[in-house]
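Here's a quick briefing on how a ligand sits in its protein. Have a look at the site before reading on.

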Amino acid sequence: MSTVGHLINGEIRNDADRLQDVYNPATGEVSKQVALASVATVEEAIAAAQAAFPAWRNTPVGKRAAVMFKFKALLEANADKICKLIGEEHGKISHDAAGELQRGIENVEYACGIAELLKGEHSRNVGPGIDSWSEFQALGVVAGITPFNFPAMVPLWMYPMAIACGNCFILKPSERDPSSALFVAELLQEAGLPPGVMSVVNGDKVAVDVLLEHQDIKAVSFVGSTPIAEYIYTTATANGKRCQALGGAKNHAIVMPDADMENAVNQLLGAAFGSSGERCMALSVAVAVGDEAADALIAKMSEGMKPLKVGPADDSSNDFGAVITKQHMDKVVGFIDSAEKDGAKVVVDGRGVKVAGYENGYFVGATLIDHVTANMESYQQEIFGPVLQVLRVDTMQEAMDLINAHEYGNGTCIFTRDGEAARYFSDNILVGMVGINVPLPVPVSYHSFGGWKRSLFGDLHAYGPDAARFYTKRKTITQRWPSSGVREGVSFSFPS
Ligand code: NAD
C-alpha cells in the first residue's frame, strides 16, 4: 500500500513516527496511508524554510511572479490527475472537483499580479527635502493548516500569495485526503521554486502544535471547524504570531414571498446538496417568509430532489458523492434523527441510502426537513451533510433576527424580486459574505473571503487584497538627504 509523505526541501519523504489510513469514501476501503510527521520532521521543514527565506525575499518580484505563471500552466495541464486524486479521497464528483480546482487556479492568477500589489505608497516633500514611503515586506516563514473539504482549493487560497509576497510556506493539509495537496505542491516545485520555499508536512495535532509554537513561524492561516479555529487562533496569537483562522458555518437563505420560486429552488438544490453539503458556504437552512412561500418551497424542493443522484466520484452523471468518513456519515444521520425527535418533519429522507456496487460507501441521500425551530440542536450546530432545514417565519425581519442571532456568520443569501428589501438585508445582516439571488456568494479571487462572528477569528480575510496585507509587514521609511553644507540646528520639539 502506498504512503503519502511530505515535501521537505524539495524532496518527497515518507518519514513518520505514525501512519494513518486514508479511505476511499465511495467504497469504504483503505486506499493509502498517510505519514504523520513527528516534531523533528516539522522542525526540519521549518529550518529548511528559514534557510531559504533570505534569498527568496530578495528574488525580484517579477521572477517570483514568473514561477506563479508556470505554476498556473502546470495546474491546468494536470487538472485531470488532480481531480482524480480529490475524488478518490474526498468523494466529490469529477465536475465538482474541476470547479474547486478552477477557483484555486484563479488565486494563482491573482498572485501572478503580485508586483502591482506590493508597489507601496510614496509621498514626496512631507517636510523640507523629506520624502516618505511605505513598503510591504515579507514576514518570513508562514504556515497554513487546511481542512478536508477543499483539499486543493483552500491551500491555493494561501500559499500562492504568501510565496509571491516573498515568504516561505509550510502547509499542513488535512490528513483525511492529503494526496492532491501534496501533488499540487510538487507542481509548484516543478514550476521553478527553489527548494525549501514551500514544504508540505502531513500530520495531525502533533505537527500543528509545532507550527503554532515554533518561534520561526511568523504567521498562521487556518481553515477548518470553529472549535479548532478558536484553538489555533488563541495558541498562535499567545505565541506572538499573526493569525487568521476561518471556522464553521450555518448559511441561511431567506426565501421571500415574491421570490422567483423556480429559480430559488434550482439554486437551493445545488447550494444545499452539491459536494454532499460539505462546503463551508453550503446553504443548509432556508427561512421561508410566510406559509404560502414555505409550502411552495417544500413542494418544489421535494419534486426537484427526486432525480438527484448520489454515487462514486468518477461517474460524472452523479450530482454528489459520499461524505468523508463513516464517523461523519453517522454524525449527519444523527442530526436528522435528532431533528425528527425534536418535532421537525423529515419530508425527503436520505438516511440509509444504498448505492448499487458501493454498499460500503459513506452515502447520505439528499434530505429535506420542514418545521425546524431555532431551539433545536440540529439547527444550532453545523451538520456539514446533504441536509436542508426549513424554518418558517412571518416577516423578513424575523428571518434576519434568526440569522443575526446565530453563532456563525459565514455566508447568506436572499431570494427576492424586491430591491429595497435586498438592500436592507445586505446593509443589516451580520454575515461576512452576502448573496442577492446568488446562493453561494464565494468572492472571486480579487476580493477576499471571510465570515463574521465565530466563522472567523482574526481580522484579515483569506486571499485577494487582504492576503497581500496578511502576508506582509508594512514598513514606513522617512528620508532626508541634506544639501551639502546645510546643517540643522538642535530641536527638542516633536517634529512637525
Ligand atoms: P477540522 O477543524 O477537523 O480540521 C482542519 C485542520 O485542523 C486539519 O488540517 C486537521 O488536521 C487540523 N486539526 C484537527 N484537529 C486538530 C487539533 N485538535 N489540533 C490541531 N489541529 C487539528 O476541519 P475539517 O473537518 O477538516 O473541515 C470541515 C470544517 O471546516 C467545517 O466546519 C467547515 O465549515 C470548515 N471550513 C470552513 C471554511 C471557511 O472558509 N470558513 C472553508 C472550508 C471549511
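What follows covers the ligand, its contacts and its surroundings.

This is a predicted model, where local features need pLDDT of at least 70, side-chain atom pairs count only at pLDDT 80 or more, and totals for chains, interfaces and linings use all residues. Residues are numbered from 1 along each chain as its sequence is written, and side-chain values use heavy atoms, with hydrogens and water left out.

**Shell**
- The ligand has 28 residues around it (a heavy atom within 4 Å), and the closest are Lys 172, Glu 175, Arg 176, Ser 225 and Glu 382.
- Domain 1 (3–247 + 455–477) and domain 2 (251–436) both contribute to this shell, so the ligand lies between them; the bounds come from an automatic or database domain assignment.

**Polar contacts** (N or O pairs within 3.5 Å)
- The side chain of Ser 225 puts an N or O atom 2.6 Å from a ligand oxygen.
- A polar backbone atom of Gly 224 is 3.2 Å from an oxygen of the ligand.
- Gly 247 has a backbone N or O atom 2.8 Å from a ligand nitrogen.

Notes:
Polar contact = N/O pair within 3.5 Å; in protein donor to acceptor, adjacent residues only side chain to side chain.
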